[in-house]
Amino acid sequence: MKKRSDNAPPREVTSNQSAIHPNLETTVNKHLRHHFQKPYAQHNVNAFKTAGDWLASRSQTIILDSFCGNGESSRELARQFPKASIIGIDKSAARLQRHQSAQQGTLANYLLVRADVDDFWRLAADANWQLDKHFMLYPNPWPKSVQLQYRVHGSAVFPALLQLGGQITLRSNWKLYVEEFTAALKIVGHSADSSAYLPTETITAFERKYHLAGQALWECNCTLKRSI
Ligand SMILES: C[S@@+](CC[C@H](N)C(=O)[O-])C[C@H]1O[C@@H](n2cnc3c(N)ncnc32)[C@H](O)[C@@H]1O
């Protein structure tokens, strides 16, 4: 199948799932009970060390921008929160490279790292990082019902996300993803809300693309208190 480029008109998310996944609660609870034992990839360990070294001499008000893509949102967050240290994480070198070529600037309070959140979040949780805010803007939806395990809340790394704490903002153009993520947070005892999100200013490439195409956007907000 021909690969769609980032410039192609965005498709609405279609799914064979029409309600919150029936296995959500079992899956979330299973992951809370069992330690995620996947070995760390060395490049993620190195990326975490780079982030830790960068943070060492900076504000410990930490904002993670996970799945940052080309890092546009990380830069915007750095502008909005000049006293915080913003770390944008994405596993795609190609996406991050676009930031370097198109958006160089003078803001010093953000860093982009190439890493998989499966490792980075666990390393940060083990190092007792406590976040001020955590943005997850348009994570891949994994819309097929059998793909629950690939969604943030259905994955074995969800407990590490909870441990990191902070004010969570997750956005998607798939309403059910946001509702399901919100439900997962409620299952573990957090108070979370989902609502429609209408941007006055778009801060990511995907947000802009969906918004300009007239797609509705959705957001979950939750302040995580350390619970596990
Ligand atoms: C739909 S794009 C959204 C990018 C950006 N937030 C935006 O809105 O333009 C999803 C991004 O998540 C990244 N990604 C997917 N799985 C990841 C993982 N496990 N760790 C880090 N990044 C991941 C992809 O490389 C991709 O850039």
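These exercises work through a predicted model of one chain.

**Exercise 1. Overall build**

Task: Determine how many helices and strands the chain has, and why its radius of gyration agrees with a compact globule.

Solution:
- Start with the elements. The chain holds eight helices and seven strands.
- Take the extent next. The C-alpha trace spans about 45 × 40 × 35 Å along its principal axes.
- Now apply the globule rule. For 228 residues, a compact globule would have a radius of gyration near 17 Å. The chain has 17 Å, so the two agree.
- Turn to burial. Of the 228 residues, 39% count as buried.
- Finish with contacts. Among those between residues at least 6 apart in sequence, 78% join residues at least 24 apart.

**Exercise 2. Strand β2 and its neighbours**

Task: Establish whether β2 is enclosed or open, then find which strands pair with it.

Solution:
- Count the buried residues. The cut-off is 20 or more other C-beta atoms within 10 Å. Six of the six residues of β2 are buried, so the strand is largely enclosed by the rest of the structure.
- Split the strand by side. Ser85, Ile87 and Ile89 point one way. Ile86, Gly88 and Asp90 point the other way. Residues on both sides are buried.
- Look at β1, residues 62-66. β1 and β2 run parallel and are joined by five bridges. Within this pairing, Ile62 has Ser85 as its bridge partner.
- Trace the connection. From β1 the chain passes through helix α3 (residues 72-80) to β2, a right-handed β-α-β crossover.
- Look at β3, residues 110-114. β3 also pairs with β2 in the parallel sense, over five bridges. Here Leu111 stands opposite Ile87.

**Exercise 3. Strand β4 and its neighbours**

Task: Work out how many residues of β4 are buried, and in which sense β4 pairs with β1 and β5.

Solution:
- Check burial. β4 covers residues 133-137, and four of its five residues are buried.
- Pair it with β1. The two strands are parallel, with four bridges. Asp65 has Phe135 of β4 as its bridge partner.
- Pair it with β5, residues 166-172. This pairing is parallel too, over five bridges. Lys133 stands opposite Gln167 in β5.
- Follow the chain. It leaves β4, passes through helix α6 (residues 158-164) and reaches β5. This β-α-β crossover is right-handed.

**Exercise 4. The ligand shell**

Task: Find how many residues surround the ligand, which elements give two or more of them, and how the shell divides by residue class.

Solution:
- Count the shell. The ligand is surrounded by 19 residues. The closest are Phe67, Gly69, Ser92, Thr204 and Phe206.
- Assign elements. Those giving two or more residues are β2 (85-90), α5 (117-126) and α8 (205-212).
- Rank them. α8 gives the largest share, three residues.
- Sort by class. Nine residues are nonpolar, four polar and six charged.

**Exercise 5. The setting of Ser194**

Task: Decide whether Ser194 is buried or exposed, and which residues it touches.

Solution:
- Place the residue. Ser194 lies in strand β6, residues 192-197.
- Count neighbours. Ser194 has 21 C-beta neighbours inside 10 Å, so it counts as buried.
- List contacts, leaving out residues up to four places away in sequence. Ser194 touches Val178, Glu179, Thr182, Trp218, Glu219 and Cys220.
- Take one contact further. Thr182 is 12 residues from Ser194 along the chain, and their C-alpha atoms are separated by 6.5 Å.

Key:
Residues are numbered from 1 along each chain as its sequence is written. This is a predicted model: local features need pLDDT of at least 70, side-chain atom pairs count only at pLDDT 80 or more; totals for chains, interfaces and linings use all residues. A residue is buried if 20 or more other C-beta atoms lie within 10 Å of its own, exposed if 12 or fewer, and partly exposed in between; C-beta atoms are placed from the backbone. Two strands pair if DSSP finds at least two bridges between them. A crossover is right-handed if, with the strands pointing away from the viewer, the path from the first strand over the helix to the second runs clockwise. The radius of gyration is taken over C-alpha atoms; the globule rule is 2.2 Å times the number of residues to the power 0.38. Two residues are in contact if their C-beta atoms, placed from the backbone, lie within 7 Å. A residue is near a molecule or strand if its C-beta atom, placed from the backbone, lies within 6 Å of it. Ala, Val, Leu, Ile, Met, Phe, Trp, Tyr, Cys and Pro count as nonpolar, Asp, Glu, Lys and Arg as charged, and the others, Gly among them, as polar.
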